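Me: Could you take a close look with me at one part of this model, the place where the two chains meet? I'd like a connected walk through it, from the contacts to the symmetry and the helices behind it.

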2 protein chains.
Amino acid sequence: VTGDALPRTVAVLGLGLIGGSLARDLAALGVRVIGCDRDAGSTAAALREGVVQHATHDVAAAQLDDAEVIILALPVTATLEALETLAGRGTRAALITDVASTKVSVTAAATRLGLGSRFVGGHPLAGHHTSGWAASRTGLFAAARVYLCSAPGVDAGALALAHGVWRAVGGAPELIDAAEHDGRLAWISHLPQVTASLLAAAISEAGFSAGDLGPGGRDTTRLAGSAAEMWTDIAVDNAAELGCALGAVEARIAAFRAALSRGDRAAVRTAFERARAWSD
Amino acid sequence: VTGDALPRTVAVLGLGLIGGSLARDLAALGVRVIGCDRDAGSTAAALREGVVQHATHDVAAAQLDDAEVIILALPVTATLEALETLAGRGTRAALITDVASTKVSVTAAATRLGLGSRFVGGHPLAGHHTSGWAASRTGLFAAARVYLCSAPGVDAGALALAHGVWRAVGGAPELIDAAEHDGRLAWISHLPQVTASLLAAAISEAGFSAGDLGPGGRDTTRLAGSAAEMWTDIAVDNAAELGCALGAVEARIAAFRAALSRGDRAAVRTAFERARAWSD
């Protein structure tokens, strides 16, 4: 499947949807996986299913010295904390990477902490509104775009390892500047998530349940079920870019409402036509 | 499957997603179906596939005299026009019904035109972002809620026929006041549709294509592909209720943006938590 040499041992910190799925795919490829999760149920399940060989609940206590690659599969804030811990304790890993949905703050923290040469941020577009070890599965990254962001001065070996690991699990890695990544993701990922959540909150406040919706409404609000804490991290971390994108939707709703109230059929139709042309 | 007696002949005016699917299900139950659609390709296909026995392109010219039930499966504006035509030419049908997504204007028009005793408005929650005869299929209404709205003075026989036809194709009919229907649908259907369309338009304007989105963003914007003309009808026809619902989403986006710009993490988290609690 891949011409890249795989690392012998990988530590996955965080056995949720993304980390658990990575651990499953890497284990299936013969990689020895060390798992770390604060949730004892997740580590117990990962050990029982033979996905991880060693497990621990604490980044600081994790036996990471054998790991050639350390993958932080955690929310943004926890990723920043784990980088501090790794910098403090030291590590021999040739690659430290992560999967958080924002990349500016994480890449900057790695550089500031002296880990920049071995750090390559990663972000697979394989999120889902489900979460946790129970939601993890093999094949989650098949054909998924995976953004990679590194600081200037990164080791060529670390970059090659990052590409190799993602290609091995079926992803399509693509190098991108961290600021460009966060600006782009504000529109194509964070904006749809927040819009779905606020739409759901408005429908809820009006007294309707999720079961009242038809199939189209259920699609539109599906992301409202996403993990609240993880998305709080992302929204706050990417506040400026996300705020700008949200402002654009807010302005379009205001303009549409104005068209409705003045009975401007042409403006209403144009709004639907633009959306339809885009979706084709 | 059903204890209701089915009509021998049904005329379906409009062979799109809803009308075509109704015609398919009724034909499969042994009902003789007369089809009418201005699109010659749709009527030709419906005849060729043996779904309809007779077809025409014009409501005024349609051979409707044999039909015990006439189903208007048209957008709102065309439904209002078809009611005018039917009132003008006369019909012996025991039930005239429709499938439009708004019910106040249609029910009022039927009454005004002297068709109120035989008119029962219908609205199956089985819409989809695809449309036309090519999108129609058998089984579309299986377990779908179907709202029925009638004017005071409706014949008991017309009401029973409406219930019977929808139950026969697998739907779950539910009688509701027309104004209550339109208020409810503004929130559970029209609001998600318009939000998805305006979100898509904003993402498009920012320079991103539908293919740039991940699976969650694609779900959230799926409805943007819906038929523009049909939704223009619905939005304009239900402008007051829809405007109110859109205003609620607009206010939530404004409040979320304000929370982001003042770094109010608690307010951001509360918004995501409310949405998640609703979706569970």
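Reply: Let's start with polar contacts: in this predicted model, 23 residue pairs are in polar contact between chain B and chain A, counting pairs in which both residues have pLDDT 80 or more. On the chain B side, the surface that touches chain A draws at least two residues from each of helix 6 (178-205), helix 7 (215-221), helix 8 (228-237), helix 9 (239-261) and helix 10 (265-279). Helix 6 of chain B gives the largest share, with 18 residues. Sorted by class, this side of chain B holds 39 nonpolar, 20 polar and 15 charged residues.

How many residues take part overall? On chain B, 74 residues are in contact with 74 residues of chain A. Interface size is often expressed as the accessible area that is lost when the parts come together. Here, chain B and chain A bury about 6900 Å² between them, and 69% of that area is on carbon and sulfur atoms.

Charged pairs are part of the picture too. The rule finds 14 salt bridges across the interface of chain B and chain A, while the count over all chains comes to 28. One to look up in your viewer is the salt bridge of B:Arg222 with A:Asp219, where the closest N and O atoms are 3.2 Å apart. Another pairs A:Glu205 with B:Arg252, with the closest N and O atoms 3.6 Å apart. Because A:Glu205 sits in helix 6 (residues 178-205) of chain A and B:Arg252 in helix 9 of chain B, this pair joins two chains.

B:Arg252 also turns up in a contact inside chain B. Helix 9 and helix 10 of chain B have axes that come within 8 Å and cross at roughly 140°. From helix 9 of chain B, the contact is made by B:Arg252, B:Phe256, B:Ala259 and B:Leu260, and from helix 10 of chain B by B:Ala267, B:Val268, B:Ala271, B:Phe272 and B:Arg274. Seven of these contact residues are nonpolar, none are polar and two are charged.

Now for the symmetry. A turn of 180° with a shift of 0.0 Å along the axis lays chain B on chain A with an RMSD of 0.0 Å. The two copies are therefore related as by a two-fold rotation axis. Which residue of chain B comes closest to the rotation axis? That is B:Thr220, whose C-alpha lies 2.0 Å from the axis. Finally, 100% of the interface residues of chain B are also interface residues in chain A, so the copies meet through the same surface.

Terms used
Residues are numbered from 1 along each chain as its sequence is written. Chains are lettered from A and ligands numbered from 1 in the order in which they are written. This is a predicted model: local features need pLDDT of at least 70, side-chain atom pairs count only at pLDDT 80 or more; totals for chains, interfaces and linings use all residues. Side-chain values use heavy atoms; hydrogens and water are left out. Contact means heavy atoms within 4.5 Å. Buried area is the accessible area (1.4 Å probe) that two parts lose on being put together, summed over both. A salt bridge is a side-chain nitrogen of Lys or Arg within 4 Å of a carboxyl oxygen of Asp or Glu. A polar contact is a pair of N or O atoms within 3.5 Å; within protein, one must be able to donate a hydrogen and the other to accept it, and residues adjacent in sequence count only if both atoms are side-chain atoms. Helices (H or I, at least four residues) and strands (E, at least two) are DSSP runs, numbered from the N terminus. Ala, Val, Leu, Ile, Met, Phe, Trp, Tyr, Cys and Pro count as nonpolar, Asp, Glu, Lys and Arg as charged, and the others, Gly among them, as polar. Copies are superposed by least squares on the C-alpha atoms of residues with pLDDT of at least 70 in both. Axes are lines fitted to C-alpha atoms, for helices over the stretch in contact, and angles run from 0 to 180 degrees between N-to-C directions.
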